[in-house]
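Let's take a walk through this one, starting with a single term and working outwards. Have the viewer open as you read.

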Amino acid sequence: WYLGYYDSNARNIDNIIYNAPFYLPICSAGNARTSGENPADGGYDYLNHYSVAKNNLVVAATFEVLEYQQPSDVEMSTFSSWGPTDDGRIKPDISAKGVAMFSSSGAADGQYTVLTGTSMASANVSGSLLLLQQHYNELNSEFMQASTLRALVLHTADEAGTTPGPDYRFGWGLLNTEKAAQVISNNGTNAIIIEEIITPFDDYTFSFTSDGTSDYTATIAWTDPA
């Protein structure tokens, strides 16, 4: 019954994020899909605890993609846990390499090893997002709010999976740190990052000019109360 269930762990981490608007926890989706505990759902509905929270970034693990050309280039690992949550929300949020990651080891000083798991994928994402915050800070002398960073990551993800749009396996797609950095660099020209506070029953209008040919994509994110 606890699979997909919004429990006290999820509520507590949402409370922390709500009260610390620049704090974005990166949480692994879990490695339970090969456990056989939930075979009737075809591998879906395996998330629990922090992975069911609303305001964090939950990471699925994929194989390495050396050169992305199409969604089928992104191959899901055999173990990464899939959503949805019990209330139907898209989780996990993002995918990243988590198979055969060259990483540090606690066996000895200066020791390295190769590890696999959604914990490795979440470490991959954490380091990438920290670099995005550094880049944004260098250009703007401030950091993005957690909801802004989450929106940027999902907005620039590469499509993954067999159907367009976000899904309960890959989330919004494969992390594309370079594309996210380009949006930060181009903010104010061919990309726009806006942070606003909108009070209840307020209207907010934003005008922009399109060339009439290129697709225009907008992503809205916010931090929800627990």
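A residue is called buried when its relative accessible area is under 20%, exposed when that value is over 50%, and partly exposed in between. Keep those cut-offs in mind, and also that this is a predicted model.

So where does Tyr216 fall? Its relative accessibility is 45%, so Tyr216 counts as partly exposed. To find Tyr216 in the viewer, go to the segment after helix 4, the helix that covers 177-185. Tyr216 has company out there: together with Ile192, Ile194, Ile198, Tyr204, Phe206 and Phe208, Tyr216 makes up a nonpolar patch on the surface. Taken together, the residues of this patch offer about 670 Å² of accessible area.

Now zoom out to the whole protein chain. Its secondary structure consists of four helices and five strands, and following the sequence you meet them in the pattern α-β-β-β-β-β-α-α-α. As for contacts between residues with a separation of 6 or more, 69% of them link residues 24 or more positions apart.

What about overall dimensions? The C-alpha trace spans about 50 × 40 × 40 Å along its principal axes. The radius of gyration of the protein chain is 18 Å, which agrees with the value near 17 Å for a compact globule, because that is what the rule gives for 226 residues.

Finally, back to accessibility, this time for the protein chain as a whole. Of its 226 residues, 39% count as buried. The accessible surface adds up to about 12,800 Å², and carbon and sulfur atoms hold 51% of that.

Technical notes:
Residues numbered from 1 in each chain as written. Predicted model: local features only at pLDDT ≥ 70, side-chain atom pairs only at ≥ 80, totals over all residues. Heavy atoms only, no water. Patch = residues over 30% accessible without salt bridge, like charges linked within 9 Å, V, L, I, M, F, W, Y side chains within 5 Å. Areas by Shrake-Rupley, 256 points an atom, 1.4 Å probe, with all protein chains shown as cover. Salt bridge = Lys/Arg side-chain N within 4 Å of Asp/Glu carboxyl O. Helix = DSSP H or I, 4+ residues; strand = E, 2+ residues; numbered from the N terminus. Buried < 20%, exposed > 50% of the residue type's maximum accessible area, 1.4 Å probe, protein only. Rg over C-alpha atoms; globule rule 2.2 N^0.38 Å. Contact = heavy atoms within 4.5 Å.
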